[in-house]
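Here is a friendly note for a colleague who is opening this structure for the first time. Please keep the viewer at hand while you read.

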Amino acid sequence: MSTPSHSTKDQDQSTTMGFTLPSPTSPSQIAQTLIQKKETIESEIATHISILRTNNIDMTTPLVDSEGFPRSDVDIWAVRKARVRIIELRNDLKDVMDETGKALEGVYAKPTVASSTNTGSSNQASTEQQMDVQEEGLSPFARVNSVAPGSPAAEAGMQKEDLILKFGNLVRSSFNPPSSLTPLAGLVSESENKHIIIRVRRAGDQKYLTLTPRQGWGGRGMLGCHIVPYSE
């Protein structure tokens, strides 16, 4: 007697880089899954970076001496392997960050009244629409002046000339005077290794990014970008 085969729909899962993602159910769940995947990749990157630091090496330090011979004070094989894996993981991380941004756009997409089926849900939709109108009216309060390669800001997808509309729970009215970004610096210092959702305007479009401030990425500060006040 043959055993009936299961439908492929019952096994609708996507496996990438060794990670098994559940079938999409909602934008928020997809975003959460991607954020967890991002954390796993970042953890593995940190492990390989620790190998480089143990050898007093970074991603560009020469592995040969002045005469062209392999350095005897460095574990050449381990360093080369770590460098290759870091490059691979950083590429994977960029892809995950891009997907996370798209998922977050779905999370914060405009609700429609048409989806309401009763008075309660209509009221909720109306409230959500009012909040969305407020979100649409956000004005930029800061501009990204520069982004260091390999930094948390770069991994989040921040780019030079991005205009910041919202940074965590901070909006333009959070800054008094507007020329002071002290609240932003305070939020960053309190959010080490925690995710901050930021909303930026780039070339007329709005994008959601996930930024994770952290030390030890190889440069100064926990962001690796220079942010300056901005007014329209």
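The points below go from the whole chain to its strands, its backbone and its cavity.

1. **The model and its layout.** Please keep in mind that this is a predicted model. The protein chain has five helices and seven strands. If you follow the sequence from its start, these elements come in the order β-β-α-α-α-β-α-β-α-β-β-β.

2. **Cover and contacts.** Of the chain's 232 residues, 34% count as buried. The exposed surface comes to about 14,100 Å², and carbon and sulfur atoms supply 51% of that area. Among contacts with a separation of 6 or more, 62% are between residues 24 or more positions apart.

3. **Strand β4 and its neighbours.** Which strands pair with β4? Strand β3, residues 142-147, runs antiparallel to β4 and is joined to it by two bridges. On β5, the pairing with β4 is also antiparallel, over four bridges. A good residue to click on here is Ile164 of β4, the bridge partner of Ala142. Ile164 also has a bridge partner in β5, namely Val200. As for cover, four of the five residues of β4 are buried, which leaves this strand mostly covered.

4. **A cis peptide bond.** Some background helps for this point and the next: most residues other than glycine have a negative phi, and most peptide bonds are trans. The bond from Asn176 to Pro177, however, is cis, with omega near 5 degrees. You will find Pro177 in the loop that lies between β4 (163-167) and α5 (182-189).

5. **Asn193 and its positive phi.** Asn193 is not a glycine, yet its phi is positive, near 65 degrees. The residue sits in the loop between α5 and β5. Is Asn193 buried or exposed? Asn193 counts as exposed because its relative accessibility is 55%, and the cut-off for that class is over 50%.

6. **Ala203, a second case.** Ala203 also has a positive phi, of about 55 degrees, without being a glycine. Look for Ala203 in the loop between β5 and β6. Its relative accessibility is 82%, so Ala203 counts as exposed.

7. **The cavity.** Rolling a probe the size of a water molecule over the atoms shows where empty space is left. How many cavities of 30 Å³ or more does a search of the whole structure find? The search finds one, and the space in the largest cavity is about 30 Å³.

8. **What lines the cavity.** Which elements each supply at least two residues of the lining? They are α1 (27-54), α4 (152-156) and β6 (205-211). Helix α4 gives the most, with three residues. To display the lining, select Lys38, Glu42, Pro152, Glu155, Ala156, Thr210, Leu211, Thr212 and Arg214. By character, the lining residues divide into four charged, three nonpolar and two polar.

9. **Where to look again.** For a second pass, I would suggest three stops. Start at Ile164, with its partners Ala142 and Val200. Go on to the cis bond from Asn176 to Pro177. Finish at the cavity, where α4 gives the most to the lining.

Definitions and conventions: Residues are numbered from 1 along each chain as its sequence is written. This is a predicted model: local features need pLDDT of at least 70, side-chain atom pairs count only at pLDDT 80 or more; totals for chains, interfaces and linings use all residues. Side-chain values use heavy atoms; hydrogens and water are left out. On a 1 Å grid over the protein atoms alone, a cavity is a set of points where a 1.4 Å probe fits but cannot get out, and a pocket is an open set with protein on both sides within 12 Å along at least five of seven lines; lining residues have an atom within 4 Å of a point. Grid points are joined across faces, edges and corners, and a volume is the space filled by probe spheres set on the points. Ala, Val, Leu, Ile, Met, Phe, Trp, Tyr, Cys and Pro count as nonpolar, Asp, Glu, Lys and Arg as charged, and the others, Gly among them, as polar. Buried means under 20% relative accessible area, exposed over 50%, partly exposed in between (1.4 Å probe, protein chains only). Two strands pair if DSSP finds at least two bridges between them. Contact means heavy atoms within 4.5 Å. Accessible areas come from the Shrake-Rupley method with a 1.4 Å probe; for residues, only the protein chains shown count as cover.
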